[in-house]
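Biologist: Could you take a close look at a single part of this model for me, and then set it in the context of the chain around it and of the neighbouring chain? I would like one connected account rather than a list.

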Amino acid sequence: MIELTGVHKSFGAVEVLRGIDLTARAGTVTVILGPSGSGKSTLLRCINHLEKVDRGTVRVDGELIGYRQAGDRLHELSERQILRQRAGIGFVFQNFNLFPHLTALQNVAEAQISALGRYKGVANEKAHELLGLVGLGDRAGAYPRQLSGGQQQRVAIARALALDPKLILFDEPTSALDPELVGEVLDVLHELARAGATMIVVTHEIGFAREAADTVVFMDSGRIVEQGPPHEVLDNPRHERTRAFLSKVLV
Amino acid sequence: MTLLIPQRTKGADGELVVVPARHPWRWAGAALVLVLLAQFVHGLATNPGWDWPTFFGYFLEESIVEALLLTVELTLAGAVLGFLGGIPLAAMRLSPNPVLSAVSWTFIWVFRSVPLLVQLLFWANLGYLYETLQVGVPFGPGWSFPTVNLISSFGAALLGLALHEAAYAGEVIRAGLLSVDQGQHEAAAALGIPKWRQFYRIVLPQAMRAILPNAANLLISLLKSTSMVYILAIGELFYQVQVIYGRNGRVVPLLMVATVWYVILTALLSILQYYTERHFARGALRTLPPTPFQRLRAALRR
């Protein structure tokens, strides 16, 4: 279970997150919608401590992320402890961020070996299996630049899955893709959702939200405007701001 | 320059024949350059001032080969020590710790400011400034050694070259590290890859693409900078040819001996650079272009 309480975050004078409370149960898909600049990506990056929160707490399976509580104080964890926590949380970037000098297989095997301490043989076997799962079993030896955008993003998803994460965060996973390649990535996401993975997905793909989400969250100006099951938020939004946004996206 | 031979395909079926554009000025330019080149080579061969018999007499002479080895030794040792020093300097300058960053900046500033020749003389005269060097607990007990025993003229030369090289290497490495996309750091951090492993498995191999051309420049420049240590009477290549022409007065052929050796060593380093850069280009290009050898073999097979 993921639990965010009163999360605040500013970049300089700009307050990007203004008190976010959010709960996501294990095995559910949460889709975060909202206009650009509403703080969606920042929120996601706070969950695995790529950004430090200024106030509030983030808990994954009850474990405080990035900090250790002692009385009424939060002590920031050491780099090493934070890295260990991150290994349990998958993150898929908008721009894939595959390691260009490593093959698809090495990309998926690397963190298994260095973050989890798996043997190379075990890691490679798992990598082969996951590349097969995302439909790239025959491209294991290819370097990222030899793959299309959709293929790269699928490798990136396999890379995140390789660490057996409790939770996977997707930061606009299809936004950098050509329209015709979006489908192949969304298919993988659907597959994961059916398999019961816990996912938080920032996206503009309303169709995906409608079909796969358990909860849809609408954010604007650093706040959660409304949240609920897709048929409520998408079809009968209660807030004017949500309605205005959806009318623009659903054209 | 490519020679384009127009293909004489007959326009049998009434198809139009494509005739590539002709480039007469390319031919004129090439002819002019070849004439000038031939004149220069002719001059090299016929002008007695070059004194080729003396050149060949000394080219592989024992004292020259020994001096050459010392030059290679100084270059390699200077480069290894320089780059070993450059890594922490780059890391310190990139550190968020203001003290480390300032110390690194100052070190680089000082050692890039002082001319190598001046620096070499300073190190050679260190014994004059500090008669003894002490090792021990700060402000506590220690052991002292006479400076002259610790720093030979070879040591002074190596120290000067290495510190000079380290200052430049630090900047070259820093530039390489900065060239790696921020997304790579984030992806490595998000995967929980340990910090040290992030550096040498993810960031450094990508930084190498930007580091290598500059590092090769630096190495070649260091090779030639070793000629400056002649001032400390160390028997490297340039010192040795000076000793010989000081004896026999044949300045030009002996300078040519040194020149040709420097050219050969630079050529070897350039070949090394080519293949090292190729190694680190993995994944950066969809397919690597063929090496000159591969191209030659392909041309011969045709």
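**Helix α9 of chain B and its surroundings**

Modeller: Helix α9(B) is followed by Gly192(B), whose phi is positive, near 75 degrees. Please keep in mind throughout that this is a predicted model. The helix itself covers residues 182–190 of chain B, and its buried residues are Ala187(B), Ala188(B), Ala189(B) and Ala190(B). These buried residues pack against elements of both chains, namely α2 and β8 (89–92) of chain A together with α10 (195–225) of chain B.

That brings in the contact between the two chains, where 24 residues of chain A are in contact with 20 residues of chain B. On the side of chain A that touches chain B, α2 (79–86) and α3 (104–114) of chain A each supply at least two residues, and α2(A) gives the most, with four residues. By class, this side of chain A has 13 nonpolar, six polar and five charged residues. α2(A) is thus named twice in this account, as a partner of the buried residues of α9(B) and as the element that gives the most to the side of chain A touching chain B.

Turning to the chain that carries α9(B), chain B has 13 helices and two strands. The radius of gyration of chain B is 27 Å, whereas the globule rule gives 19 Å for 302 residues, and because the value for chain B is well over that of the rule, the chain is more spread out than a compact globule. Along its principal axes, the C-alpha trace of chain B spans about 100 × 70 × 30 Å. Of the 302 residues of chain B, 25% count as buried, and the four alanines named above are buried residues of α9(B). Among contacts in chain B between residues at least 6 apart in sequence, 71% join residues at least 24 apart.

One pair of helices elsewhere in chain B can be described in more detail. Two packed helices are described by the angle between their axes and the distance between the axes. Helix α3 (residues 62–94) of chain B and helix α8 (residues 153–178) of chain B pack at an angle of about 45 degrees, with their axes 6 Å apart. α3(B) and α8(B) are therefore oblique to each other, and α3(B) passes α8(B) in a right-handed crossing. The residues of this contact of α3(B) with α8(B) divide into 18 nonpolar, five polar and three charged.

Notes
Residues numbered from 1 in each chain as written. Chains lettered and ligands numbered in written order. Predicted model: local features only at pLDDT ≥ 70, side-chain atom pairs only at ≥ 80, totals over all residues. Contact = placed C-beta atoms within 7 Å. Nonpolar A, V, L, I, M, F, W, Y, C, P; charged D, E, K, R; others polar. Buried ≥ 20, exposed ≤ 12 C-beta atoms within 10 Å, placed from the backbone. Rg over C-alpha atoms; globule rule 2.2 N^0.38 Å. Axes fitted to C-alpha atoms, helices over the stretch in contact; angles between N-to-C directions. Parallel < 35°, antiparallel > 145°, perpendicular 65-115°, else oblique. Left-handed = near helix turned anticlockwise from the far one by under 90°.
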